[in-house]
Amino acid sequence: QVQLVESGGGSGQPGGSLRLSCAASGSIFSISTMGWYRQAPGKLRELVAAITSGAITNYADSVKGRFTISRDNAKNTVYLQMNSLKPEDTAVYYCNADVKTGRGPNEFKYWGQGTQVTVSS
């Protein structure tokens with residue numbers, strides 16, 4: 001089995017910073033893409049940022065220049081550094097990872113439990 005455990009969520013002020021972490025563990029052969037999604041009340045879940053095993057990144061337009069995604073392949077961990085926070089960043093943030101559990105071709109997307117980020121003054 002594979003599990004993703006998130007940490008670092010909480011409350012922040014506009015203009016402040018938070019750092020989210022997500023560690024994958026279990027029967028992991030390899031991980032291709034890791035990323036962060038978020039969902040605010042009444043809104044669709046959206047991709048915030050993603051990063052491949054080769055460190056190619058992709059960001060939502062709303063967070064470009066403010067958020068940075070990174071990963072530590074040795075630790076199977078992905079991070080989201082959130083700077084210049086805005087109230088609009090308030091949402092539940094979900095970590096995901098595309099994981100192969102063996103040498104076969106199958107790869108599945110696994111999800112973290114979600115962590116609340118609240119930005120208010």
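These legends describe an overall view and several close-ups of a predicted model.

**Figure 1. The whole protein, built from strands.** The protein has 11 strands and zero helices. Read along the sequence, its pattern is β-β-β-β-β-β-β-β-β-β-β. The radius of gyration is 14 Å, close to the 14 Å that the globule rule gives for 121 residues, so the protein is as compact as a globular protein of that length. Along the principal axes, the C-alpha atoms fill a box of roughly 50 × 25 × 25 Å.

**Figure 2. Contacts, burial and surface of the whole protein.** Of the 121 residues, 38% are buried. Consider the contacts with a separation of 6 or more: residues 24 or more positions apart account for 55% of them. The accessible surface comes to about 6,500 Å². Carbon and sulfur atoms hold 48% of that surface. The side chains include 12 positive and 8 negative ones. The centres of these two sets lie 3 Å apart.

**Figure 3. Close-up of Gly10 in strand S2.** Strand S2 covers residues 10-12, and Gly10 lies in it. Gly10 has a relative accessible area of 23%. Buried means under 20% and exposed means over 50%, so Gly10 counts as partly exposed. Setting aside residues up to four places away in sequence, Gly10 touches Leu18, Gln116, Val117 and Thr118. Trp111 is 101 residues from Gly10 along the chain. The C-alpha atoms of Gly10 and Trp111 are separated by 19 Å.

**Figure 4. Close-up of Tyr59 and its link to Ile69.** Tyr59 sits in strand S6, which spans residues 57-59. Its side chain reaches the backbone nitrogen of Ile69 at 2.9 Å. That distance lies within the 3.5 Å cut-off for a polar contact. Ile69 is also one of the residues that Tyr59 touches, not counting those up to four places away in sequence. The others on that list are Val48, Ala49, Lys64, Phe67 and Thr68. Tyr79 is 20 residues from Tyr59 along the chain, and the C-alpha atoms of the two are separated by 13 Å.

**Figure 5. Close-up of Asn76 in the loop between S7 and S8.** Strand S7 covers 67-72 and strand S8 covers 77-82; Asn76 has its place in the loop between them. Phi of Asn76 is near 50°. This is a positive value in a residue other than glycine. Asn76 has 24% relative accessibility, so it counts as partly exposed.

**Figure 6. Close-up of Ser84 in the loop between S8 and S9.** Ser84 is placed in the loop that runs between S8 and strand S9 (91-100). Ser84 is not a glycine, yet its phi is positive, at about 50°. The relative accessible area of Ser84 is 40%, so this residue is partly exposed.

**Figure 7. Close-up of Asn96 in strand S9.** Asn96 is found in strand S9. Its relative accessibility is 2%. The limit for buried is under 20%, so Asn96 counts as buried. Which residues is Asn96 in contact with, leaving aside its neighbours within four places in sequence? Leu4 is one of them. Thr33, Met34, Gly35, Trp36 and Tyr37 are among them too. Lys109, Tyr110 and Trp111 complete the list.

Terms used:
Residues are numbered from 1 along each chain as its sequence is written. This is a predicted model: local features need pLDDT of at least 70, side-chain atom pairs count only at pLDDT 80 or more; totals for chains, interfaces and linings use all residues. Side-chain values use heavy atoms; hydrogens and water are left out. Helices (H or I, at least four residues) and strands (E, at least two) are DSSP runs, numbered from the N terminus. Buried means under 20% relative accessible area, exposed over 50%, partly exposed in between (1.4 Å probe, protein chains only). Contact means heavy atoms within 4.5 Å. The radius of gyration is taken over C-alpha atoms; the globule rule is 2.2 Å times the number of residues to the power 0.38. Accessible areas come from the Shrake-Rupley method with a 1.4 Å probe; for residues, only the protein chains shown count as cover. Lys and Arg count as positive and Asp and Glu as negative; His and the chain ends are not counted. The place of a charge is taken as NZ of Lys, CZ of Arg, CG of Asp or CD of Glu. A polar contact is a pair of N or O atoms within 3.5 Å; within protein, one must be able to donate a hydrogen and the other to accept it, and residues adjacent in sequence count only if both atoms are side-chain atoms.
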